[in-house]
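Student: I would like a close look at a single part of this structure, taken slowly and with its surroundings. Please keep to what can be read from the model itself.

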Amino acid sequence: MNTSSAKKPSARFAPWDNPDEKPLVRFKNVTKRFGSFTAIDDISLDIYEREFFALLGPSGCGKTTMMRMLAGFETPSEGIISLGDDDIGAVPPYKRPVNMMFQSYALFPHMTVEANIAFGLKQDKWPKNLIAERVEEMLSLVQLRKFAKRKPHQLSGGQRQRVALARSLAKKPKLLLLDEPLGALDKKLREQTQFELMDIQEKLGMTFVIVTHDQEEAMTVASRIAVMDDGKIMQVATPEVIYEYPNSRYVADFIGDVNIIEGRLDHKTEEGIQLAWAEGEPEIKIANNASRSENENACFAIRPEKVHVTRDEPQGVDNKIKGQIDDIAYVGNLSTYHVRLSNGMIFKAQESNIRRLANREFTWEDHVWLSWRSTAGVLLD
Amino acid sequence: MDRKLGRFLLIGIPYFWLFLLFLVPFGIVLKISLSDVAVAIPPYTPTFDLDNGWEGIKAFVGNLDFENYVWLTEDDLYWSSYLSSLKIAFVSTVLSLLIGYPLAYSMAKAPSEWRPTLLMLIILPFWTSFLIRVYAWIGILKTEGLLNQLLMFVGVVDDPLHILNTDTAVYIGIVYSYLPFMVLPLYSALEKMDGSLLEAAQDLGCTAISAFWKVTLPLSIPGIIAGSFLVFIPAIGEFVIPDLLGGSDTKMIGKTLWVEFFSNRDWPVASAVAVLLLLLLIVPIVLFQKQQERAQEAEQ
Ligand SMILES: Nc1ncnc2c1ncn2[C@@H]1O[C@H](COP(=O)(O)OP(=O)(O)O)[C@@H](O)[C@H]1O
Ligand SMILES: [Mg+2]
């Protein structure tokens, strides 16, 4: 895409941009049906070594099914899943170099923390002293050394989550699957744990695939995100690209807040193209859209934080629209202004609250100007 | 004040029933066990008589002794009946477990819409009288019974098997009758087990079979213990099954008790046997209670 050229590929971790790089995991035209219901619909996807890959989508879109196919609990109805050079379609779960951290943690209630972590190692017949060493190492990694002798029901939710993580990491899998690993934690602990997960992934140099329905979580931890809907992948890209250059209305809508204006394209020039969206309003100028042509229907999508709100008519800006403040959502560090346009549409603009509440510039019913640069938004179908 | 009285009544009622229906009869049996046999109605002496006042009570207490208990220790019959009861109860418990576990396991794994039906089928025999069901086994097990007819028809045996009136028939009867008590607690332990635990075990390198031994079985231990006690405790004192299906050499304490009571009309010895049987059962019952409490605590 147009942004990847702007980055320095040598400095950044971006194996997906390197055509010589071989993926660790490859889904090739994978379809999974349960009876007549198609849960996964012809998905092709590559995941590279050392990636922290996120599957993001609403509940029921097929994320867990993707994971279960990787872990070996489901076999694809059609298509091939390979790990390294091997087709793993028919390999049973216990023979795969893949471990999974379960959504429910699935800790063995009759075993201590220690025994839970050692379970997989014993299964692989590691020598006793090496098991003890590895368990120690895992316990310190997740900071649970004091709790080694406890049973799972004697731990808090956060501690259980760490035991589950330690247990799934203990066997040094080639691929670690995390199914909504932080879903049961409260917001603060979740955010803290996201950073710990990233640290651990980086420290161990392992490949993680995480499932989440929380877009902020995906944006925070992932090297790349696959946005799924209804058994299909809508877009696979880095968090920045997904956020700044969503490829569809669905992705734009799913990730963060967005304003969408429908209209008709015209006035194509060297610099860009324009969108006519309402009688008597200036057309919206959009830069860099060589692929689009005049007289097409299109949507313009722009994030609220890219839009400025001013009382006076701004000068020298690419786009400006007049409106009236309908509502203000105050969330401490930010305020989101809901501005009513001449055609009745509500347009969101976000400003950070540098001043204290009492000194705020705008209030309800104020007439304001919205403005943004021609590069700030994208055109979608 | 009224609330206090209400609460007292509420707690008091079960204790009152316990007193009336357990402690009073037990006291009477205990008293008879300390008496001497007599050709009279009732067939023991002394009997409680308030007419002679204080002297009468003193004479009454003075006549009580432990003679019958001493007698029980001296005659081999009682010892061997106790031991044989324990053995038969134990073997039946193990057999019920071996048959009940796969049954409970497959019920717990069955599609959830089937489970109520399966559970119903397990409970269904309770709708018929226990006595009639045991009688029915006579028809099945006797020399010219259904089982032998079938076996000879299929050609497995040439001559009819002699099963009725042996210990084998007693085992069959006990296992058949008490199997639901084994299956139900096993089923409830297996059914509430989280399926993702087995997947986690497989994910960590277990085959399905080793996942069973390392996860399913240890987690079903509370069910195994509960089911075993529920079979073992009533099986020790079982009377109807050994009487109807067992042979003359099948020794069980319930049968011995019956013989003492009705054939020998030796109420004092029969009562002593009953008291000892109760003491024998108290140990597993207390163990069972303890285990249930622990299981309940673990669930919280
Ligand atoms: N074993 C199964 N049998 C039938 N349908 C299933 C099964 N597993 C998942 N599904 C269906 O597949 C769809 C995707 O499920 P899942 O992968 O669990 O979604 P997600 O994890 O994204 O919430 C859902 O509609 C679900 O009902
Ligand atoms: Mg899921």
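Tutor: In this predicted model, strand β7(A), helix α5 of chain A (residues 187–204) and strand β8(A) together make a right-handed β-α-β unit. The strand that ends this description, β8 of chain A, covers residues 207–212, and since six of its six residues are buried, it is largely enclosed by the rest of the structure.

The enclosure can be followed face by face. In a regular strand the side chains alternate between the two faces of the sheet. For β8(A), one side carries Thr207(A), Val209(A) and Val211(A), the other carries Phe208(A), Ile210(A) and Thr212(A), and both faces are covered, with all of these residues buried.

The pairing of β8(A) involves two strands of chain A. Strand β7(A), residues 175–179, runs parallel to β8(A) and is joined to it by five bridges; within this pairing, Leu178(A) stands opposite Ile210(A). Strand β3(A), residues 52–56, is likewise parallel to β8(A) and joined to it by five bridges, and here Val209(A) is the bridge partner of Phe53(A).

Leu178(A) also leads from the strand pairing to the packing of nonpolar side chains. The largest nonpolar core, of 50 residues, has Ile174(B), Ile241(B), Leu245(B) and Val273(B) as the residues with the most contacts inside it. Among the elements that give two or more residues to this core are α4, α8 and α14 of chain B, and α8(B) supplies the largest share, eleven residues. A second, separate core of 46 residues includes Leu178(A), together with Ile131(A), Leu139(A) and Val227(A). The residue that stands opposite Ile210(A) in the strand pairing is thus a member of that second core.

For contrast with the strand, one may turn to a polar residue of chain B. Ser85(B) lies in helix α4(B), and it counts as buried because its relative accessible area is 0%. Its side chain reaches the backbone nitrogen of Ile253(B) at 2.6 Å. Leaving out residues up to four places away in sequence, Ser85(B) touches Ile236(B), Lys251(B) and Met252(B) as well as Ile253(B).

A last point concerns cysteines, where burial should not be read as bonding. Cys61(A) counts as buried because its relative accessibility is 3%, and Cys299(A) is buried as well, with a relative accessible area of 5%, yet the structure holds zero disulfides over all chains.

Note on methods
Residues are numbered from 1 along each chain as its sequence is written. Chains are lettered from A and ligands numbered from 1 in the order in which they are written. This is a predicted model: local features need pLDDT of at least 70, side-chain atom pairs count only at pLDDT 80 or more; totals for chains, interfaces and linings use all residues. Side-chain values use heavy atoms; hydrogens and water are left out. Buried means under 20% relative accessible area, exposed over 50%, partly exposed in between (1.4 Å probe, protein chains only). Helices (H or I, at least four residues) and strands (E, at least two) are DSSP runs, numbered from the N terminus. Two strands pair if DSSP finds at least two bridges between them. A crossover is right-handed if, with the strands pointing away from the viewer, the path from the first strand over the helix to the second runs clockwise. A disulfide is a pair of cysteine sulfur atoms within 2.5 Å. A nonpolar core is a set of buried Ala, Val, Leu, Ile, Met, Phe, Trp, Tyr and Cys residues joined through side-chain atoms within 4.5 Å. A polar contact is a pair of N or O atoms within 3.5 Å; within protein, one must be able to donate a hydrogen and the other to accept it, and residues adjacent in sequence count only if both atoms are side-chain atoms. Contact means heavy atoms within 4.5 Å.
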